[in-house]
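Biologist: I would like a close look at a single part of this protein. Please keep the sentences short and walk me through the details.

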Amino acid sequence: MSSPHKLAAEFIGTFWLVLGGCGSAVLAAGVPSVGIGYLGVSLAFGLTVLTGAFALGHISGAHFNPAVTAGLTVAGRFPAKDVVPYVVAQLAGAIAAAAVLHAIASGAAGFDASAGFASNGYGDHSPQHYSLLAGLTAETVLTFMFLVVILGATSDRAPPGLAPIAIGLALTLIHLISIPVTNTSVNPARSTAVAIFQGSWALEQLWAFWVAPLTGATMAGIVGRWLLPVHEHVERQSSDQRGLRTGNAISGSA
């Protein structure tokens with residue numbers, strides 16, 4: 001696929017992730033009696049990645065997340081020259097989704113984006129008032145594990161075609177663990193988009209939701225090189241004539 005197709009897929013996929021995940025939190029989580037709560041929001045984020053990966057993975061690799069792009073690059077699964085265009089496309093898609101969500105949410109009386117708008121935070125702005133250290137630890141470790149799952153699920157040693165399911169379920173689990181801590185980022189694009197519309201404390205704390213996910217992803221990329229060396233991944237790919245696999249597409253190797 002040409003670069004414009006890949007960037008469009010990253011834009012659309014990240015748009016879907018933010019609209020589906022953050023949209024569920026803003027519009028549906030707190031509805032009295034029938035709200036979906038933490039469990040529903042966790043499933044929503046996982047489902048956006050699962051469906052987006054199946055739909056778009058064969059085009060762009062379905063990163064939808066600057067931390068995923070960084071981790072795959074460090075692991076040798078993605079070319080460094082494409083990192084900046086991918087991240088720009090992801091940020092644009094995320095911000096566009098947040099704008100659409102803001103337009104929808106503004107249709108309800110009493111809506112106020114400054115109250116939170118699914119933003120990530122620590123301290124007084126953590127859902128359960130966890131500290132900065134707790135937030136950084138959770139975001140770093142959980143992003144590390146997210147990339148470990150991605151790298152393993154998209155390896156040629158993994159069962160073919162099932163990577164989106166593993167990755168979507170991993171993101172669901174990550175949200176089940178960490179929504180109370182930071183409202184769950186593990187994705188700087190998702191954090192940036194809603195922080196822009198929240199407009200105050202979320203922008204002030206946004207640095208943490210770039211630093212921690214990128215740190216965790218980089219660590220996972222280093223570990224990934226050791227668990228599955230790049231040359232071995234390429235050799236297995238060239239010797240195995242199974243054709244295009246969804247898992248390989250998601251790893252950015254397609």
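Is Ile 177 buried, partly exposed or exposed, and what is its relative accessible area? Please start there and then set that residue in its surroundings.

Modeller: A reminder to begin with: this is a predicted model. Now to your residue. Ile 177 has a relative accessible area of 47%. Buried means under 20% and exposed means over 50%, so Ile 177 counts as partly exposed. Find Ile 177 in helix 6.

Next, look at the company it keeps on the surface. Ile 177 belongs to a nonpolar surface patch of about 560 Å². Its other members are Leu 39, Leu 43, Leu 47, Leu 173 and Leu 176. Two elements, helix 2 and helix 6, each give two or more residues to this patch.

Step back for the overall fold. The protein has 11 helices and zero strands. Read along the sequence, the pattern is α-α-α-α-α-α-α-α-α-α-α. There are 254 residues, and buried ones make up 51% of them.

Helix 2 and helix 6 turn up again at the largest pocket. This pocket has a volume of about 380 Å³. It is lined by 24 residues, and the closest to its centre are Ala 25, Ala 118, Ser 119, Pro 127 and Asn 183. Three elements give two or more residues to the lining: helix 1 (3–28), helix 2 (37–60) and helix 6 (163–182). Helix 2 gives the most, with four residues. Sort the lining by class and you get 14 nonpolar, seven polar and three charged residues.

How can a model reveal a space like that? Rolling a probe the size of a water molecule over the atoms shows where empty space is left.

Now follow the chain past helix 6. A loop runs between helix 6 and helix 7 (188–198), and Thr 184 is found there. The phi of Thr 184 is near 60 degrees, a positive value in a residue other than glycine. Thr 184 has 0% relative accessibility, so it counts as buried, for which the cut-off is under 20%. Set this beside Ile 177, which is partly exposed at 47%.

A similar case sits after helix 2. Ala 62 is in the loop between helix 2 and helix 3 (66–74). Ala 62 is not a glycine, yet it has a positive phi of about 55 degrees. Its relative accessible area is 10%, so Ala 62 is buried too.

Further along, look at helix 8 (residues 201–204), where Ala 202 is found. Ala 202 is buried, with a relative accessible area of 2%. Thr 192 is 10 residues from Ala 202 along the chain. The C-alpha atoms of these two are separated by 8.5 Å.

Last, the charged side chains. Side chains of opposite charge can pair when their charged atoms come close. In this protein the count comes to one salt bridge. Its partners are Lys 81 and Asp 82, whose side chains meet at 3.3 Å, N to O. How does each partner sit? Lys 81 has 66% relative accessibility, so it counts as exposed. Asp 82 has a relative accessible area of 19%, under the 20% cut-off, so it is buried.

Back to where you began. Ile 177 is a partly exposed residue in helix 6, and it helps make the nonpolar surface patch.

Conventions:
Residues numbered from 1 in each chain as written. Predicted model: local features only at pLDDT ≥ 70, side-chain atom pairs only at ≥ 80, totals over all residues. Heavy atoms only, no water. 1 Å grid on protein atoms, 1.4 Å probe; cavity = no way out; pocket = protein on both sides within 12 Å on 5 of 7 lines; lining within 4 Å. Points joined across faces, edges and corners; volume = space filled by probe spheres on them. Nonpolar A, V, L, I, M, F, W, Y, C, P; charged D, E, K, R; others polar. Patch = residues over 30% accessible without salt bridge, like charges linked within 9 Å, V, L, I, M, F, W, Y side chains within 5 Å. Areas by Shrake-Rupley, 256 points an atom, 1.4 Å probe, with all protein chains shown as cover. Salt bridge = Lys/Arg side-chain N within 4 Å of Asp/Glu carboxyl O. Buried < 20%, exposed > 50% of the residue type's maximum accessible area, 1.4 Å probe, protein only.
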